[in-house]
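Visitor: I should like a close look at one part of this model, namely the surroundings of the bound ligands. Please describe the contacts and the make-up of each shell in one connected account.

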Amino acid sequence: MIDTSTWRHAFKLDPDKDITDEHLEALCESGTDAIIVGGTLGVTFDHTIDLLSRIRRYALPCILEISNREAIVPGFDHYFIPVVLNAKNPKWLFEPHIEVIKELGTIIPWHDISTVGYCVLNRDSSVAKLTESDTELTVEDVLAYGRLATHVLNLPYFYIEYSGVYGDIELVKEVYGRLGKSENGKIQMIYGGGISDKRQAEAMNGAADMIVVGNLIYENIEAALQTVVKEEVE
Ligand SMILES: CC(C)=CCC/C(C)=C/CC/C(C)=C/CC/C(C)=C/CC/C(C)=C/CC/C(C)=C/CC/C(C)=C/COP(=O)(O)OP(=O)(O)O
Ligand SMILES: O=P(O)(O)OC[C@@H](O)CO
Ligand SMILES: [Mg+2]
């Protein structure tokens, strides 16, 4: 089982996108807490296992965020199993999961997986289009999804996903403040989406337990490296 309680920052690598050895080394040695591997579309077994083999040169946790059956590669330290809580197409809630559990049930390392409840808020993202996410949500709506994740589903993670665009920080702050602190904060809240510089990374890190930086890696590696924020030492 993995302990992410002190994690503040992770880079998310897309197996479908190229990255040089030099940039990969810089990311893995940047001080980030973990590498998450995943994407929405086109994630293949071969690209995923190739990327894992390259990341394994470095001593940091590597998590596979599973987006399709093809991408399931053994050998990761941990697996995030997504549930898109605000998916309007019910097929995406549990159908893919059931198919995989029926196929792999006996070999699934249940202690190495964590279910992550996503609230997808960028209507133009691939994941929103794929799952037909209801992205026109108020703060109260998002807070309700957070409470669903925390108290009804007892999930370890609630992920506010803006995937590709920098989100509404006031919404994130309010949801985090009312969910995390006022309700014994037993869930870890993650923010990801459009972080493009150190200022945005620090701002969002004040609004959630952990931030994830993805696309910026492939647009501006130096700016991506600047987003690494570390746990304040008491
Ligand atoms: C030995 C062995 C084989 C070990 C592995 C066993 C294992 C871990 C089995 C898994 C068991 C299980 C229950 C798996 C679930 C399988 C599955 C297919 C789940 C579907 C998840 C889902 C809802 C997918 C659709 C939505 C989606 C793509 C979610 C991913 C998260 C997300 C928000 C992605 C967006 O990423 P982003 O980078 O922003 O996207 P793009 O940049 O590509 O646009
Ligand atoms: O690629 P970006 O927009 O940084 O988003 C990171 C992560 O939330 C994607 O699942
Ligand atoms: Mg991505």
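Guide: In this predicted model, a polar backbone atom of Gly193 lies 3.4 Å from an oxygen atom of ligand 2. Two side chains also make polar contacts with ligand 2: an N or O atom of Glu161 is 2.5 Å from an oxygen atom of the ligand, and an N or O atom in the side chain of Lys12 is 2.7 Å from an oxygen atom of ligand 2. Taken alone, ligand 2 would expose 300 Å², of which the protein buries 94%. Two elements each give two or more residues to the shell around ligand 2, strand E6 (157-161) and strand E8 (210-213). Besides Lys12, Glu161 and Gly193, the residues around ligand 2 are Tyr159, Ser163, Gly164, Gly192, Gly194, Val212, Val213, Gly214 and Asn215. By class, this shell divides into 3 nonpolar, 7 polar and 2 charged residues; glycine is counted here as polar.

Lys12 and Ser163 lead on to ligand 1, for both are listed around ligand 2 and both are among the closest residues to ligand 1. A polar side-chain atom of Lys12 is 2.8 Å from an oxygen atom of ligand 1. For Ser163, an N or O atom of the side chain lies 2.5 Å from an oxygen atom of ligand 1. The side chain of Thr40 likewise places an N or O atom 2.9 Å from an oxygen atom of ligand 1. Of the 1100 Å² that ligand 1 exposes when taken alone, the protein buries 91%.

The shell around ligand 1 holds 30 residues, and Glu65 and Tyr79 also belong to the closest of them. Its residues divide into 16 nonpolar, 9 polar and 5 charged. Strand E4 (78-84), helix H3, strand E5 (113-120) and helix H4 (126-131) each give two or more residues to this shell. H3 gives the most, with 5 residues.

Helix H3 covers residues 91-104 and includes Ile101. Together with Phe94, Ile98 and Trp110, Ile101 forms a nonpolar patch on the surface, and the four have about 410 Å² of accessible area together. Why is Ile101 classed as partly exposed? The relative accessible area of Ile101 is 38%, and Ile101 is therefore partly exposed, since that class lies between the limits of 20% for buried and 50% for exposed.

Technical notes. Residues numbered from 1 in each chain as written. Chains lettered and ligands numbered in written order. Predicted model: local features only at pLDDT ≥ 70, side-chain atom pairs only at ≥ 80, totals over all residues. Heavy atoms only, no water. Patch = residues over 30% accessible without salt bridge, like charges linked within 9 Å, V, L, I, M, F, W, Y side chains within 5 Å. Areas by Shrake-Rupley, 256 points an atom, 1.4 Å probe, with all protein chains shown as cover. Salt bridge = Lys/Arg side-chain N within 4 Å of Asp/Glu carboxyl O. Helix = DSSP H or I, 4+ residues; strand = E, 2+ residues; numbered from the N terminus. Buried < 20%, exposed > 50% of the residue type's maximum accessible area, 1.4 Å probe, protein only. Near = heavy atom within 4 Å. Polar contact = N/O pair within 3.5 Å; in protein donor to acceptor, adjacent residues only side chain to side chain.
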